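Visitor: Could you walk me through this one? I would like to hear the reasoning behind each label.

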Amino acid sequence: MPKNILSIGLEEDPQFGDVDPVYVNMDRLIPPNHSCLLQFVEYDLSKAEKPLIEYLSCIDSGKEPRKQLLLTAISELQQMHPYFLICRENAAFLLNCIFAGYITRHCSDMDELEQKNLFMKLCVSDYSIFTDPDNIFDNKIDSGEDHILDYLYNLQYDIRLWVMLTLDDTNPELARLDRQRRSVLYSHVAMKNEYNPVFSIEVEFSTSMPKKLKAKSAEWDFNEDLYDQLYKDLNVLMWDPEANLPKSLTDLIKLTKGNEDCDVITYQIRDFTCLLEYEIHRMVLDGIHVKRCRNCHRYFIPERSNIEYCSRVAPNSNGKLCSEIGRFRVYGKKARESDPAYAMFNRAYRARLEKIRRGTMTREFYDKWRPIAEQKLEEVRQGKMDLDAFDEWLKM
Ligand SMILES: [Zn+2]
């Protein structure tokens, strides 16, 4: 299997100040359970937006903005998706582009670029290597009427729609359609079926050196004679392919021994949108399906098509898993269907719990009632009491 690498941005070396690309194993950003993407789809974006609104309103009113607000917003973006954590510059750059959009929208009377740049300097984070770029306004991300983070709100909506139409099996009617029909559906909704690539990505294929060869080639680095000999020998071999391999080549071949897989595929991830689009595209091609858990309503990848509950810890459940709650519910439903007396009892005790909740019945009263009701339920099951009589008694 080739190694899949994502190139996700640039970062400055804090010691030497060099700006280098950030490479990361694909599994870190696109794990097999697709948890990062699903987390983004469900993320509450207002958590990142609130500190930004406060930050910008400080600047608007001429107050010194609190850096802490900016740090909070960055850490929210990082919790939203590791793309912003692994390459911190991505968060800072995104915010700068958003600020540039905000300044353009709110300061339309600020015609002079110089003035805008001044404003920008007040906004931008120290953490971006593009803190004072000449072209930040070329990269501006328009902020919306309602949201500073309009870009992320729109992106979240688009990704949600794409997931729902192509991958989400919660709706049984959509789940019955095959992959191709669902893709057509999405393509129609998103692109009105005009030829318009869903996304594009640059991919590089390469073969890296095995460890032994790497070490040796570092030694050979300045030995030009060695390489001259190798090229000469290869030239001879090209004209006489059946000849014995020259020593220069057999030496080299020895150093490639081992079972390291050295093929590398590097995907150039332009921005956050590109990463998410690439992931969904992969999921569609890999036939991965998701569902909303019937208990916590969050997305998960079911192992089988008939699984309805996720295996996360359920909210407000004292550590119970959604799948355990699901099993209990299914059992309860089956029990009610096959046992009419239990169904009556179940209705009655739920009604009483509701009364306790509304304050029209006391807990003590219920605690006394319940064991008597359970005893009568047993009598009905054993044929010692009539079903109608039980129903009458429960209604009292
Ligand atoms: Zn769940």
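What follows is a short conversation about how the labels are reached.

Guide: Welcome! This is a predicted model, where local features need pLDDT of at least 70, side-chain atom pairs count only at pLDDT 80 or more, and totals for chains, interfaces and linings use all residues. Residues are numbered from 1 along each chain as its sequence is written.

Visitor: Why is His34 called buried?

Guide: A residue is buried if 20 or more other C-beta atoms lie within 10 Å of its own, exposed if 12 or fewer, and partly exposed in between, with C-beta atoms placed from the backbone. His34 has 22 other C-beta atoms within 10 Å, so His34 counts as buried. Buried residues make up 20% of the 396 residues in the chain.

Visitor: Where is His34 found, and what does His34 touch?

Guide: His34 sits in the loop between helix 1 (26-29) and helix 2 (35-41). Here helices (H or I, at least four residues) and strands (E, at least two) are DSSP runs, numbered from the N terminus. Contact requires C-beta atoms, placed from the backbone, within 7 Å. Not counting residues up to four places away in sequence, His34 touches Glu279, Met283, Ile288 and Ile301. With Ile288, the separation is 254 residues in sequence and 9.7 Å in space, C-alpha to C-alpha.

Visitor: What makes a group of residues a nonpolar core?

Guide: The members are buried Ala, Val, Leu, Ile, Met, Phe, Trp, Tyr and Cys residues, joined through C-beta atoms within 7 Å. The largest such core has 56 residues, and Ala73, Leu77, Ala91, Leu95, Ile98 and Leu275 touch the most other members. Helix 6 (residues 88-106) gives the largest share, 11 residues. Another core, of six residues, lies apart from it and includes Met344 and Phe390.

Visitor: Which strands stand at the edges of the open sheet, and why?

Guide: Strands pair if DSSP finds at least two bridges between them. The open sheet has four strands in the order 2-1-4-3, with mixed pairing. Strand 2 (19-25) and strand 3 (202-207) each have a single partner strand, so one side of each has no neighbour in the sheet.

Visitor: How do you know that strand 3 and strand 4 pair?

Guide: They share six bridges, in the antiparallel sense, with strand 4 covering residues 263-268. One of the bridge partners is Asp263 in strand 4, which goes with Thr207.

Visitor: And how does the radius of gyration of the chain relate to that of a compact globule?

Guide: The radius is taken over C-alpha atoms, and the globule rule is 2.2 Å times the number of residues to the power 0.38. For 396 residues a compact globule would have a value near 21 Å, but the chain has 32 Å.

Notes: Two residues are in contact if their C-beta atoms, placed from the backbone, lie within 7 Å.
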